[in-house]
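Please look through the sequence and the structure shown here before reading on. The report afterwards deals with aromatic rings, with one helix and with the protein as a whole.

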Amino acid sequence: MNHDHRTMFKHSTSLSITIFGGLLLLFALTVKAKAHDHDYSSKAQVNFNLDSESEELNKFQDSSTTWLEKYGSQIDQPFSGPLSFSHIPYTRCLENEETKFDIAILGMPFDTAVTYRPGARFGPYAIRSGSRRQRETRGYTMSWAKDPYAEGVEIIDCGDVPVNPFDNALAIDQMEVAYSTLLNRPLATPEKAKGRLSTTHPRIISLGGDHTIVLPILRALNKLHGPVSVIHFDAHLDTWRDYPGGITNQSRVTHGTFFAIAQDEGLISDTSIHAGIRCKLGGEEDLRNDESVGFQLISGDDIDDLGIPEIIRLIRKRIGDSPVYLSLDIDVIDPGLAPATGTPEAGGWTTREVKRILRGLAGLNFVGADIVEVAPAYDNAEVTGIAAADLVHDFLSMFLSDHPPTRREARGIQKDEL
């Protein structure tokens, strides 16, 4: 066979193979289509038979029924609905003067006394947003062995104090008046209120806002309880006397000086304690001043040297039976875990460590609590807002517990088990 004939034969063979392959592919597609048609027809027949035999399925094809008839209550999904903490009832308590509660969530969107990054006015929003996966019907935690929403007490979200963003003196007065207003409401369920606090007044969990909000809160609490002890979780002392450059009385009031002012006003006792401190200082004189304000200090490093159980013991020994206010700056947690804060400090505690310490404080005579300095503009994937919301859930359980939960209680372990 010469070269031309070989070339023609090769081309002819290739063409035959191509045509044959195409026919095989067409046949396969035809068979698959028929099988699909048959399968669809079978399913349609099955569905038709089911529909004809089931009145329940017919009901769901009836467009004349209402939502309530067809699906029941309008339940908010974790990602839907009005923004209240953990989807609990939301009321503007400051204007609805007949509203009663045992524990209130109250936002204080104030951030005009910060020394570094602003943005904590959006903290109440971020914490509520971080709580959206929490809800009354799924509030039980193994660590607390309880659901705070199932304790028979009234827990509501009272919204935010409408603070003035241009006049700090006015804003601080507004926060004090708002807190006092809610603090003087009668308990909704006095017979079911738990914890060691024997009072006819409710407790408030405040969502900051920068840390300055604690000054008006302490002023309001002082009218009922006198000087109170403070458990202060923070990277910073917040007991400085003045901020450099301040030349007016109002400029003295910042998120780093409010405890010194509170001590000057007789609002706090000399049995207060810091936890997690690790900030830069001007020198040892800052520590001497801090002690004069009435604080004992647990540093960030102490968690390694002492361990969590000893930190809990020190805090409880320091506070004793005195009325105590808990203030938690989110920057006590390492910025790698909670970046959304105005004055981040490296080397902080983990969220798990802070939660464990909080459980160890249950049963103290708490008169209120706050979580502050959440500035969501610096957050990533809401990690700080979610952590803050979970800590608020711990506050609720802490308020409603007579003693720290044991591991056996948390796991439901019987006495004869390990």
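What follows is a short report on this predicted model, going from the overall picture to the details.

## The protein as a whole

In this predicted model, the secondary structure of the protein amounts to 13 helices and eight strands. Of the 418 residues in the protein, 46% are buried, and the accessible surface comes to about 21500 Å², with 55% of that surface belonging to carbon and sulfur atoms.

If one takes the contacts between residues at least 6 apart in sequence, 77% of them join residues that are at least 24 apart.

## A cluster of phenylalanines

A pair of aromatic rings is described by the distance of the centres and the angle of the planes. The structure holds four aromatic pairs. In one of them, the rings of Phe258 and Phe259 have centres 4.3 Å apart and planes at 40°, so this pair is tilted. Both Phe258 and Phe259 are buried. Phe259 also forms a tilted pair with Phe295, for which the distance is 5.0 Å from centre to centre and the angle between the planes is 55°. Because Phe259 lies in helix α7 (residues 258-264) and Phe295 in strand β6 (residues 295-299), the pair ties together parts that are 36 residues apart in sequence.

Phe258, Phe259 and Phe295 form one aromatic cluster. Phe259 has a relative accessible area of 0%, while Phe295, with a relative accessibility of 4%, counts as buried too.

## The two sides of helix α8

Which residues of helix α8 (residues 284-293) are buried? They are Asp286, Asn289, Asp290 and Val293. These residues cover an arc of only 105° around the axis, and therefore they are on the same side of α8. The cover over the buried residues of α8 includes helix α7, strand β5 (272-277) and strand β6.

On the face of α8 that is turned away from its buried side, one finds Glu284, Arg288 and Glu291, which are exposed. After α8 comes Gly294, and the phi of Gly294 is positive, near 110°.

## Charges over rings

Aromatic rings also appear together with charged side chains in this model. The charged end of Arg117 sits over the ring of Tyr378, at 4.0 Å from the ring centre. In addition, the charged end of Arg203 sits over the ring of Phe399, where the distance from the centre of the ring is 5.1 Å.

Definitions and conventions: Residues are numbered from 1 along each chain as its sequence is written. This is a predicted model: local features need pLDDT of at least 70, side-chain atom pairs count only at pLDDT 80 or more; totals for chains, interfaces and linings use all residues. Side-chain values use heavy atoms; hydrogens and water are left out. Rings of Phe, Tyr and Trp (its six-membered ring) pair if their centres lie within 6.5 Å; planes under 30 degrees apart count as stacked, over 60 as edge-to-face and the rest as tilted. Buried means under 20% relative accessible area, exposed over 50%, partly exposed in between (1.4 Å probe, protein chains only). Helices (H or I, at least four residues) and strands (E, at least two) are DSSP runs, numbered from the N terminus. A charge sits over a ring if NZ of Lys or CZ of Arg is within 6 Å of the ring centre and within 35 degrees of the ring normal. The arc is that of the directions from the helix axis to the C-beta atoms. Contact means heavy atoms within 4.5 Å. Accessible areas come from the Shrake-Rupley method with a 1.4 Å probe; for residues, only the protein chains shown count as cover.
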